[in-house]
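Please open the model in your viewer and keep the sequence panel visible beside it. The tour below proceeds by selections, beginning with a single residue and widening out afterwards.

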Amino acid sequence: TYQAQVTPWMIIQPDIQGIVAPSGGVRDSKGERVRNEATFGLHTNVNF
């Protein structure tokens, strides 16, 4: 993972994940197959 120290008291860390064929390709409420997904997040650490 990567972290960036933005200030002496704050660190940020990105989080990117890919999900291939979630639930084995089941159908959603519209009857279409669920496709691959990507999730993005950002963790922060703040020291006081």
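Does Gln13 count as buried or exposed? In this predicted model, Gln13 counts as buried, because its relative accessibility is 18% and the cut-off for that class is anything under 20%. Select Gln13 and colour the element that holds it, which is strand S2, covering residues 10–19. Then display what surrounds the side chain: once the neighbours within four places in sequence are set aside, Gln13 is in contact with Thr1, Tyr2 and Gln3, and also with Gly41, Leu42 and His43.

Next, follow the chain onward from strand S2 into the loop between S2 and S3, where Ala21 is found. Select Ala21 and inspect its backbone, since phi there is near 50°, a positive value in a residue that is not glycine. With a relative accessibility of 40%, Ala21 counts as partly exposed, the class that lies between the 20% and 50% limits.

Continue to strand S3, which takes in residues 37–46 and includes Val46. Val46 is partly exposed, its relative accessible area being 36%. Now add Trp9 and Phe48 to the selection and switch on the surface: together with Val46 they form a nonpolar patch, and the three have about 420 Å² of accessible area together. Why can Val46 belong to such a patch? Patch residues need over 30% relative accessible area, and Val46, at 36%, meets that requirement, so its partly exposed state is consistent with a place in the patch.

Finally, clear the selections and view the whole protein as a cartoon. Its secondary structure comes to 3 strands and 0 helices, and from the N terminus on the elements run β-β-β. Rotated onto its principal axes, the C-alpha trace spans about 50 × 20 × 10 Å. If you colour by accessibility, 6% of the 48 residues count as buried, and Gln13, at 18%, is one of the residues in that class. The protein exposes about 4,400 Å² in total, with carbon and sulfur atoms supplying 54% of that area.

Two further displays complete the view. Draw the contacts between residues at least 6 apart in sequence, and 39% of them turn out to join residues at least 24 apart. Then show the charged side chains, of which 4 are positive and 4 are negative, with the centres of the two sets lying 10 Å apart.

Note on methods
Residues are numbered from 1 along each chain as its sequence is written. This is a predicted model: local features need pLDDT of at least 70, side-chain atom pairs count only at pLDDT 80 or more; totals for chains, interfaces and linings use all residues. Side-chain values use heavy atoms; hydrogens and water are left out. Patches are made of residues with over 30% relative accessible area and no salt bridge: like charges are joined within 9 Å, nonpolar side chains (Val, Leu, Ile, Met, Phe, Trp, Tyr) within 5 Å. Accessible areas come from the Shrake-Rupley method with a 1.4 Å probe; for residues, only the protein chains shown count as cover. A salt bridge is a side-chain nitrogen of Lys or Arg within 4 Å of a carboxyl oxygen of Asp or Glu. Helices (H or I, at least four residues) and strands (E, at least two) are DSSP runs, numbered from the N terminus. Buried means under 20% relative accessible area, exposed over 50%, partly exposed in between (1.4 Å probe, protein chains only). Contact means heavy atoms within 4.5 Å. Lys and Arg count as positive and Asp and Glu as negative; His and the chain ends are not counted. The place of a charge is taken as NZ of Lys, CZ of Arg, CG of Asp or CD of Glu.
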